[in-house]
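Me: Hey, can you walk me through this structure? I'm new to this, so plain words please.

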Amino acid sequence: MANSFAIQAFDQGDITVLALDGFLDAHTAPEFEEAIQKEITAGRHRIIVNCEKLSYISSAGLGVFMSFIEEIREAGGDIKICSVIPKVRQVFDILGFQSLFEIVDDVPQAVARFESASQGG
Amino acid sequence: MADFERRFRLDVPSSTENLAMIRDFVGKIAKQAGLAESDVTMLELAVDEACANVIEHAYGADETKEVVVRVRLDNDCIEIQIVDTGKGFDPGSVEQSDLKKLVEERRSGGLGMRLMKLVMDEVEYQMKPGERNELRMIKRLKKP
């Protein structure tokens, strides 16, 4: 049985949208880590993680968000999370992820948050 | 005492590739036991975390080793037992820092154990490093 997981990256101006699809666990987390590292290396620090098609997340996946967020915020960027299905949201909630990350309904809302942050200085 | 009991067992090579199979195995039993969808997900998560720890830490990704997952189901609970012969660890030494502190220190360690404790009713380790390490977790079934 394969752990199916895929990431698609889209640029929206200076924002990168990473769309996760499938199961994010200890087997597939390195792929997600690589995708975020690639954005940081390219100097792109405004990242939206679209979880619409993410069916499952374990601590290995959560750990990727946690290990990069300080570096990204120090560089003036952020990771915003959107379109989380209830099953995945449940895992974010029991760990209190909402106190660390902005979790919004969809990509346009996440983009708007980045834009309002820019306008606010 | 329980008048109904079923036992299941899955032995898999120690590879993260098999986590999906382990989740599926446990999830199907939990569904059969009548657990709510959200509880099934949480049970799968706890077992995934426990097995990922064994695969990555106890066995250090040595695929020649085996992870054993046993499930016992009765009228009152689902009991999961995960057995390995790896190097073991001291569960008391796993620091349970809060999320903000972990992020400040750019760490994410200990999250798996925290999740297990949050979603299961009982989590208990018995370690004999190199011989037999056993994790026992219990999820009580809600009475209607």
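Reply: Sure. Let's start with two helices from neighbouring chains: α2(A) and α4(B) are oblique to each other. Keep in mind that this is a predicted model.

Me: What angle do α2(A) and α4(B) pack at?
Reply: About 130°, and their axes are 9 Å apart. An angle over 145 would count as roughly antiparallel and 65 to 115 as roughly perpendicular, so the pair falls under oblique.

Me: And is the crossing left-handed or right-handed?
Reply: The crossing of α2(A) and α4(B) is right-handed. On the α2(A) side, Ser59(A), Leu62(A) and Gly63(A) make the contact, and α4(B) brings Leu111(B), Gly112(B) and Leu115(B). That's 3 nonpolar and 3 polar residues, with no charged ones.

Me: Okay, zooming out. How many residues of each chain are in contact?
Reply: 24 residues of chain A touch 25 residues of chain B. On the chain A side, α2 (59–74) and α3 (86–95) are the elements giving two or more residues. The largest share, 8 residues, is from α2(A).

Me: What kinds of residues does chain A put there?
Reply: 12 nonpolar, 9 polar and 3 charged.

Me: New topic: what is chain A itself made of?
Reply: Chain A has 4 helices and 5 strands, and along the sequence they run β-β-α-β-α-β-α-β-α.

Me: Why call chain A compact?
Reply: Its radius of gyration is 13 Å, close to the 14 Å the globule rule gives for 121 residues, so chain A is as compact as a globular protein of that length.

Me: And how much of chain A is buried?
Reply: 38% of its 121 residues count as buried.

Key: Residues are numbered from 1 along each chain as its sequence is written. Chains are lettered from A and ligands numbered from 1 in the order in which they are written. This is a predicted model: local features need pLDDT of at least 70, side-chain atom pairs count only at pLDDT 80 or more; totals for chains, interfaces and linings use all residues. Two residues are in contact if their C-beta atoms, placed from the backbone, lie within 7 Å. Ala, Val, Leu, Ile, Met, Phe, Trp, Tyr, Cys and Pro count as nonpolar, Asp, Glu, Lys and Arg as charged, and the others, Gly among them, as polar. Axes are lines fitted to C-alpha atoms, for helices over the stretch in contact, and angles run from 0 to 180 degrees between N-to-C directions. Angles under 35 degrees count as roughly parallel, over 145 as roughly antiparallel, 65 to 115 as roughly perpendicular and the rest as oblique. A crossing is left-handed if the near helix is turned anticlockwise from the far one by less than a right angle, and right-handed if clockwise. The radius of gyration is taken over C-alpha atoms; the globule rule is 2.2 Å times the number of residues to the power 0.38. A residue is buried if 20 or more other C-beta atoms lie within 10 Å of its own, exposed if 12 or fewer, and partly exposed in between; C-beta atoms are placed from the backbone.
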